[in-house]
Amino acid sequence: MFTPPAAYTLVATDLDGTLLRSDDTVSARSRAALARAASAGAAHLIVTGRPVPGIRTLLTDLGYDGVVVCGQGAQVYDVGAARMLRSVTLDRDLADAALGKIEAEVGQLFAAVDQDGADGRTLTEPGYRMPHPSLPAQRAASRAELWAAPLIKVLIRHPELTDDALAAAARGAVGDLASVTMAGPGTVELAPFGVDKGTGIALAAEALGRDLAGAVAFGDMPNDLPMFRRVGHRVAMAGAHPELRAAADEVTLSNEDEGVAVVLERLFP
């Protein structure tokens, strides 16, 4: 049986499907719960698949000035210092080869990339539809343009396969060319091999001087599994992917019902 620590010192939250509501906002109740945790000495750590440029407006709105893990762990960024602590790039030749191997198995894919850097762009090839229309993206004229600058990950979509089927086929095809994860509806991604939210949260916790055994983490998709394996207490959102629910210590309410706040109010009374 899980025995909670005397005090949690780190609150790690995914964004999409977890802390954020469907309109990309954080509720007043969730903000108050995070503030309550902070007053008790717990640092808030955002751990997201989005790249740094994709959450900058949100960070400003939250008044967030700590460390953030972005790009499925490829980026660890100090917001207050405006300094990248780590950025791991995906070799572009390997990325191109990986796409070719997946397409040999499942047929034509549509792809997008998140470029490296705190100001990197998200580029989409013709036919790729962004899963979150609110996220900034620029259309490339061809796939070749996706490889024009260093990148941290590739996003892929298939016109017919489910996300689970595409992710499974991609893992079987790419081997150790890249790490494959499913980050949300319509969001299957290729990251540098061995890089994930687990490696990212470990580096961030070290930078913050926090022990992950005293961390509570919230998530909803398989890309949160590596983070769950590192922390002391794991909370899945209602409606989370079955793989994540199976790995969780508890299941809370949905992001629309402020499930993060419900748990934090209990843990930090």
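This is a short chat about helices, strands and one buried threonine in a predicted model.

Me: Start with helix 4. How do its length and its 15 residues fit together?
Reply: Helix 4 covers residues 92-106. At 1.5 Å a residue, the expected span is 21 Å. The end C-alpha atoms are 21 Å apart, so the two agree.

Me: Which residues of helix 4 are buried?
Reply: Ala95, Ala98, Leu99 and Ile102. They cover an arc of only 100 degrees around the axis, which puts them on the same side of helix 4.

Me: And what is exposed on the other side of helix 4?
Reply: Asp93 and Ala104 are exposed there.

Me: What do the buried residues of helix 4 pack against?
Reply: Three strands and a helix are listed by name: strand 6 (110-115), strand 9 (151-157), strand 11 (187-191) and helix 5 (163-174).

Me: Anything at the start of helix 4? Which atoms come within 3.0 Å?
Reply: A side-chain oxygen of Asp91 and the backbone nitrogen of Asp93.

Me: What about phi just after helix 4?
Reply: Gly107 sits there, with a positive phi of about 95 degrees.

Me: On to helix 5. What is its reach from first C-alpha to last?
Reply: It is 16 Å for 12 residues. That is close to the expected 16 Å at 1.5 Å a residue.

Me: Which residues of helix 5 are buried?
Reply: Leu166, Ala167, Ala170, Ala173 and Val174. Their arc around the axis is only 135 degrees, which puts them on the same side of helix 5.

Me: What covers them?
Reply: The cover over the buried residues of helix 5 includes helix 4, strand 9, strand 10 (179-184) and strand 11.

Me: Which residue follows helix 5?
Reply: Gly175. Its phi is positive, near 55 degrees.

Me: Switching to the sheet. What is the strand order in the open sheet of 8 strands?
Reply: The order is 5-4-3-2-1-12-13-14, and the pairing is mixed.

Me: Which strands stand at the edges?
Reply: Strand 5 (83-87) and strand 14. Each has a single partner strand, so one side of each is left without a neighbour in the sheet.

Me: Take strand 13, residues 233-236. Are its faces covered or open?
Reply: Both faces are covered. His233 and Val235 lie on one side, Arg234 and Ala236 on the other, and all are buried.

Me: Why do they split like that?
Reply: In a regular strand, side chains alternate between the two faces of the sheet.

Me: In which sense does strand 12 pair with strand 13, parallel or antiparallel?
Reply: Strand 12 (residues 215-219) pairs with strand 13 in the parallel sense, over 4 bridges. Ala217 stands opposite Arg234.

Me: And strand 14, over how many bridges does it pair with strand 13?
Reply: Over 2 bridges, in the parallel sense; strand 14 is residues 250-251. Val235 stands opposite Glu250, and Ala236 has Val251 as its bridge partner. The chain gets from strand 13 to strand 14 through helix 8 (residues 242-247), and this β-α-β crossover is right-handed.

Me: Last one, Thr48. Where is it?
Reply: In the loop between strand 2 (43-47) and helix 3 (56-62).

Me: Does Thr48 count as buried or exposed?
Reply: Buried, because its relative accessibility is 0%, and buried means under 20%.

Me: Which residues does it touch, leaving out those up to four places away in sequence?
Reply: Thr48 touches Asp14, Leu15, Ile55, Val69, Cys70, Gly71, Gln72 and Lys197.

Notes: Residues numbered from 1 in each chain as written. Predicted model: local features only at pLDDT ≥ 70, side-chain atom pairs only at ≥ 80, totals over all residues. Heavy atoms only, no water. Buried < 20%, exposed > 50% of the residue type's maximum accessible area, 1.4 Å probe, protein only. Contact = heavy atoms within 4.5 Å. Expected span 1.5 Å × (residues − 1). Arc of directions from axis to C-beta. Polar contact = N/O pair within 3.5 Å; in protein donor to acceptor, adjacent residues only side chain to side chain. Pairing = 2+ DSSP bridges. Right-handed = clockwise from strand over helix to strand, strands pointing away.
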